[in-house]
Every structure is written in structure tokens, then in C-alpha cells.
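Open the structure in your viewer and keep the selection tool ready. The tour below goes stop by stop, saying what to select and what is there.

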Amino acid sequence: MQGHHPVSGGPAKGPQIPPVSYLKWYIPRLKEMRAHNLSFSGLQFPWDLDSIEDVWKDHRGPGIDDREMVSEMYGVPCENVHLCHGATQAINIAISAASRGGKVAVEMPSYGPLSQSARVLGLETIIVRRKPTDAAWIIDREEWSSILSQVDLLMICPQLNPVGWSYTEEDREWIIETCRKNDVRIISDEVYAAADKNWKPMFREGDNCITLSSLTKVHGLGVIRYGWIIASRDIITNAENTFHNMAGMMSSPVIRIAEHVRDRLHEPVELIEHYREMNLPVLQDTLNRVGIKWNPPPYGVFGAFRVPGIDTMQMIDTIGKQHGLLAVPGCMFDSGLDDWLRVGWSIDPESFAEAASVLETVLRTALDIP
Ligand SMILES: Cc1ncc(COP(=O)(O)O)c(C=O)c1O
């Protein structure tokens, strides 16, 4: 049987289009509303938006530029910004806008759409991997060098899903330099980056670098589907043409809701810091008690660790389910991660402490620790 992780290959149409197995597995389990949910990769922020007058009405008018909010967020002119519906759509639009028809290097492990969408758009993909260490995962420069000489586009997610760690400073510099030399454009999915105060968005590294993101993860507003792309003016022009062809226009309720929360976007970022302070020590103690050594990433709301020898998908579907626990198995992100488990700490400390205690029970049962 094929695994659950994203797959690379040639252009894919109709029945060859690969599933996003992660979503197929995850959505039904999320709908079960298990009592102890450690599956979230984004902040669960208690937004209370009251009602927004005329939310459904056309938001456009003289002098209004929808892109101002993102333009201010990054300190870039509106002409370098394109809005769309969530980061997933941004991935597709950015590929269409930046591709010159060549092969695409896709980083693994990954969120399926990041590594698979190029195939749906008629391009061939080749995998480059980040490899486990007990801190920031690292790249194999020989492998990346060889592949970056064969492609014209590279898809990355710096704050790597499922582990949450970004590149080492040296790897980041090396990737930027090597892509520049090989005339490779970089599409950088930075949905988790706003949780890292020191993050320098990739688009600042040159006209070949594109940043995309959304309000989904750090701001806890995935349901409104607000995303964006930041790139050179030429690439943004292509993005606009793509968007007009594939999506038409932005939804007015989406823009109106985003404008409504605009002055409060710092609140979720602050809450992440609070949750880290409260929840991370609890998780580390829990893992220590079952003999799992783990370094949390220095930012963000999720991380992943090995549960040696345990098929974590089976564990979550059997023992986890019995105890009402949901967390995400590593097999959803790449081959070779079957005994990894992704755990999020983006929920209130009381619920988190209860869930961590249930996680301990599940791990003890799986590992046969009395
Ligand atoms: C790397 C990455 N990009 C994008 C998304 C989805 O973002 P959006 O909801 O804005 O489409 C996810 C969700 O898991 C993700 O992990």
C-alpha cells in the first residue's frame, strides 16, 4: 500500500492527482471532536468578532486598496502584494506566477499541497529532504546541489511541518546563494513565521524569492481564508493574471472580517508566548517521564518527536481514540516518519495539562511502560 505522505512525480491530471492523505485522515477525526486535542498546528484563538455590519456587501470603492493591511504588516508597497484565499491557494497562484516551465524541487517532509500542487499545474517535481537532528533539521548539501541544478523552482516551508524548527542560519544562507547561482526561484510558505520575532521573510533575499502566508496559523483565522503573496512586481503581475483566471475576485466578507480584526492581530502572537510559557514545561515533563528526549523549537505552537518503534498512526487510531486523544502521526508528512508524532500546544493551559496527562497514558500503553 502507498504511504500517507505526499508524493513526487510528473504532471498529474484526473485520477493521477495525488490525494492530500493528511487531510483525508485528519478531517474525519477532527469532526469526532475528541476530548483531548493536541492536533492543531495553528493557534486556537478565542476570537469574538461580534457582528459586522453589511459583511456580505461589496467592499470595493474609490481609494480603497485591499492590500494595505498586508503591505503595512511587511513594510512593502501594495504593488508587491497579492491577496488570495488562504496559503493553500497562494501556493497554487505563486507556482503559476513564478514557474518558467522547468522541474520543481519540493522540500520534504511537507504539508501535501506545498509539495504536490506543482504536479496538478502540469509540472514535474523532485524531492529534496531536510533530515532529522535533535534540534534544527539540516539539509544534505550534495543532494540539494545536484537537484537545484536541474530545476527552476524550489518549494520550501522554513518552519518545517511537522517539527516546527527552521533552517540553521548556515543552511538558509547556502540555499539562498545556491538558488541565486542556479537561477532558481524560491517559493517560501511562511504560514508559521509570524511566531518567530526574528524571522526575515524570504522575499527580502532578492527578486527570485517569494513569500506566502495567511491568517490561518499564527492568527487563528483559518476559516476566513485570507492569504497573500509577496514578490517582485513582475511576479505579482503574473499572480494577478493567474488569480483573475482561476479565482476572479476576493470575497468581500473575507476582506471585511480581516479589516475588522486588523488592529488586534498582535493579540494572538502574544497569546502564543503565553501558551509556550505555560504548556511547554508540562509537555517536556510528560515526555521525560516516558523516556522521550525532545528539544522544543524556539518559536511556534507545535513540535514533533519520535516514539521509538511505535506506529503512531495505529497508536492514535486505537489507544488514542479509546482515550479521546488526537495528535498527528509523522507518516502524514514523509516516508520514514512512521514513529514520529506531532503535538501542538496552542490550547488553554488547563485543557493542555489534561490532554498531556492523557498523552502520557497513551504513550505508556503503547511503549509498555508500567
Ligand atoms: C505549511 C502549511 N502551509 C499552508 C497550510 C494551510 O494554510 P491555509 O489554511 O492558509 O490554506 C498549512 C496547514 O496545515 C501548512 O502546514
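At roughly what angle do the axes of α9 and α11 cross, and within what distance do they come? Keep in mind that this is a predicted model.

**Stop 1: α9 and α11**

Select residues 266-289 for α9 and residues 349-367 for α11. The two axes cross at roughly 15° and come within 10 Å. Angles under 35 degrees count as roughly parallel, so α9 is roughly parallel to α11. Their crossing is right-handed. Now show the side chains where the two helices meet. On the α9 side, the residues in contact include His274, Tyr275, Met278 and Val282. On the α11 side, Phe352, Ala353, Ala356 and Leu359 are among them.

**Stop 2: α10 and α11**

Keep α11 selected and add helix α10, residues 312-322. Here too the axes come within 10 Å, but they cross at roughly 115°. The range from 65 to 115 degrees counts as roughly perpendicular, and α10 and α11 are therefore described that way. The crossing of α10 past α11 is right-handed. To see the contact, select Met315, Ile319 and Gly320 in α10, then Val362, Leu363, Thr365 and Ala366 in α11. Leu363 also belongs to the contact between α9 and α11.

**Stop 3: Gly303 and what surrounds it**

Move to strand β10, residues 302-306, and pick Gly303. Is Gly303 buried or exposed? Its relative accessibility is 1%, so Gly303 counts as buried; the cut-off for buried is under 20%. Leaving aside residues up to four places away in sequence, Gly303 touches Pro162, Val163, Trp294, Pro297, Leu341, Arg342, Val343 and Trp345. For a distance to try in the viewer, go from the C-alpha atom of Gly303 to that of Met313, ten residues further along the chain: the separation is 16 Å.

Several of these neighbours lead to other features. Start with Arg342 and add Phe302: the charged end of Arg342 sits over the ring of Phe302, 5.4 Å from the ring centre. Next, select Pro162, which is joined to Asn161 by a cis peptide bond with omega of about 20°. Pro162 is placed in the loop between β6 (151-156) and α6 (169-181).

**Stop 4: aromatic pairs**

A pair of aromatic rings is described by the distance of the centres and the angle of the planes. Across the whole structure, a search finds ten aromatic pairs. Select Tyr22 and Phe333 for one of them: the ring centres are 5.6 Å apart and the planes lie at 40°, so this pair is tilted. The two residues are 311 residues apart, with Tyr22 in helix α1 (residues 21-31) and Phe333 in the loop between β12 (328-329) and β13 (340-344). Tyr22 counts as buried at 8% relative accessibility, and Phe333 is buried at 0%.

Then select Trp294 and Trp345, both of which touch Gly303. How are the rings of Trp294 and Trp345 arranged, stacked or edge-to-face? They are edge-to-face, with 65° between the planes and 5.8 Å from centre to centre. Trp294 is in the loop between α9 and β10, while Trp345 is in the loop between β13 and α11, 51 residues away. With a relative accessibility of 11%, Trp294 counts as buried. Trp345 is buried too, at 0%.

For a group of rings, select Tyr74, Phe203, Tyr226 and Trp228, which ring pairs link into a cluster. Finish this stop with Arg172 and Trp199: the charged end of Arg172 sits over the ring of Trp199, 4.7 Å from its centre.

**Stop 5: details of the backbone**

Hide the side chains and select Met108 and Pro109. A cis peptide bond joins them, with omega of about 0°. Pro109 is found in the loop between β3 (103-108) and α4 (112-120).

Next come two residues with positive phi that are not glycines. Met33 has a phi of about 55° and lies in the loop between α1 and β1 (36-37). Its relative accessible area is 68%, so Met33 is exposed. Asp54 has a phi of about 50°, and its place is in the loop between β1 and α2 (68-74). At 34% relative accessible area, Asp54 is partly exposed.

Conventions: Residues are numbered from 1 along each chain as its sequence is written. This is a predicted model: local features need pLDDT of at least 70, side-chain atom pairs count only at pLDDT 80 or more; totals for chains, interfaces and linings use all residues. Side-chain values use heavy atoms; hydrogens and water are left out. Helices (H or I, at least four residues) and strands (E, at least two) are DSSP runs, numbered from the N terminus. Buried means under 20% relative accessible area, exposed over 50%, partly exposed in between (1.4 Å probe, protein chains only). Contact means heavy atoms within 4.5 Å. Rings of Phe, Tyr and Trp (its six-membered ring) pair if their centres lie within 6.5 Å; planes under 30 degrees apart count as stacked, over 60 as edge-to-face and the rest as tilted. A charge sits over a ring if NZ of Lys or CZ of Arg is within 6 Å of the ring centre and within 35 degrees of the ring normal. Axes are lines fitted to C-alpha atoms, for helices over the stretch in contact, and angles run from 0 to 180 degrees between N-to-C directions. Angles under 35 degrees count as roughly parallel, over 145 as roughly antiparallel, 65 to 115 as roughly perpendicular and the rest as oblique. A crossing is left-handed if the near helix is turned anticlockwise from the far one by less than a right angle, and right-handed if clockwise.
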